[in-house]
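User: Please examine the following model and discuss its strands, a helix and a surface patch.

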Amino acid sequence: MSSKGVTVLVQVSEKPLPDALVRELAAIGISVAPAENRRRTAAGACGFLVAGESDAARLSAGLAEWDRPGLLLVYGDRVANTAAEVLAAQYPGWEVVRLYRFAGGERALVGGDPNSPWTRILCRQLAEHDVIAMVCGMREAEEVIRQLPRFLAWKERFYLRLGESCDRRGVRLQTVARALGMDSRVGQGWLDPQRNDRAALRRWLVRQCRFVMSKTNVRRVALWGPTSLWQQMPSGWLADKEVRLYVPRDEQIPNGESTAGERCTTWQTALAQADLLVVASPDPDLMELPLSELIRQMRQPIVVDACACFPLPEAEALPMIYRTIGEKTNVWEWSGL
């Protein structure tokens, strides 16, 4: 066993890992070797990475080729809630550690025996990479991972309802949210970028898009966000429209053809001569884009934005139609509508 840290793990899945996952692990000093290289890398690796739904079932074949026990790192939220506990019972010679990172990767939950070797090594390694870690039992870690999305979904439902109330009263949601967040029991983290409550988000997007399409001549629509969300939208919500889709670079693209529209490899292609831009992902590329450039790319600059990507005063000062949750800006009265 290496006393310096967890530097190399062998992936269980035979498919390439998502780039975002590779970067997450690299940020804490862990590189991942492909499954087919497990014999050659066994000498330098300290164990296996379990990061997908089916990884646990495939693990036995990999472990059979090792002559010594090591670390089984169960990472992330794409693994069954009981996977770590089942693996610990199934492979008693191996140390199973449950690792989950949140808050943009700055915090981590480590589920395992606090006195066991690999748990101590991982905690020290996380600290060296400026990640604050909490160690707890494996069952407690699994329960946190199970309940956290539920809490965030509840919080986002409240945010969306608050936005509807602000719309009716003609007040600014961002101002109200910041004021409420001054109370330390509430905090400023209102809208979760992972969009746990997608049903409420989809309803808001459909309602806003139908409204703007009833008032303007929209022929081409650009969708900016994950394919998985657009495929869940109601059938016919963009009927008779030319639809182009841009998936942010960090989003995982599912297998198979997209039913959401023509997939574009660049945002410029997606926006070219579009009448309506629908945003469902807080992509840094979009948030850093000057609104003047966005207007220049589009034929008719109309934006329905579920992520509040642009400053409202700037949007109000430009010849565009801009709509985000809870902000009934005066650009809706622009003479071009």
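The turns below take up pairing, burial and surface in order.

User: On what basis are residues numbered, and at what pLDDT do side-chain atom pairs count?

Analyst: Residues are numbered from 1 along each chain as its sequence is written, and side-chain values use heavy atoms, with hydrogens and water left out. This is a predicted model in which local features need pLDDT of at least 70, totals for chains, interfaces and linings use all residues, and side-chain atom pairs count only at pLDDT 80 or more.

User: Which residue of strand 12 stands opposite V279?

Analyst: Helices (H or I, at least four residues) and strands (E, at least two) are DSSP runs, numbered from the N terminus, and two strands pair if DSSP finds at least two bridges between them. Strand 11 pairs in the parallel sense with strand 8 (residues 220-224) over four bridges, where W224 stands opposite V279. Strand 11 is also joined by four bridges to strand 12 (residues 302-305), in a parallel run. There, the residue opposite V279 is D305.

User: Which residues cover the two faces of strand 11?

Analyst: Buried means under 20% relative accessible area, exposed over 50%, and partly exposed in between (1.4 Å probe, protein chains only). In a regular strand the side chains alternate between the two faces of the sheet. In strand 11 (residues 276-279), both faces are covered, and the buried residues are L276 and V278 on one side, L277 and V279 on the other.

User: Why is strand 6 largely enclosed, and which residue of strand 7 is the bridge partner of V110?

Analyst: Strand 6 (residues 107-111) is largely enclosed by the rest of the structure because four of its five residues are buried. Strand 5 joins strand 6 through five antiparallel bridges, with R101 opposite A108. Strand 6 also pairs in the parallel sense with strand 7 (residues 132-136) over five bridges. In strand 7, the bridge partner of V110 is V135.

User: Within what arc do the buried residues of helix 4 fall?

Analyst: In helix 4 (residues 83-90), the buried residues are A83, A84 and L87. They line one face of the helix, because, seen down the axis (directions from the helix axis to the C-beta atoms), they fall within an arc of 95°.

User: What is the relative accessible area of F158, a residue of the nonpolar surface patch?

Analyst: F158 lies in helix 6 (residues 138-169) and, with L180 and V186, makes a nonpolar surface patch of about 230 Å². Patches are made of residues with over 30% relative accessible area and no salt bridge (a side-chain nitrogen of Lys or Arg within 4 Å of a carboxyl oxygen of Asp or Glu), with like charges joined within 9 Å and nonpolar side chains (Val, Leu, Ile, Met, Phe, Trp, Tyr) within 5 Å. Accessible areas come from the Shrake-Rupley method with a 1.4 Å probe, and for residues only the protein chains shown count as cover. F158 is partly exposed, with a relative accessible area of 40%.
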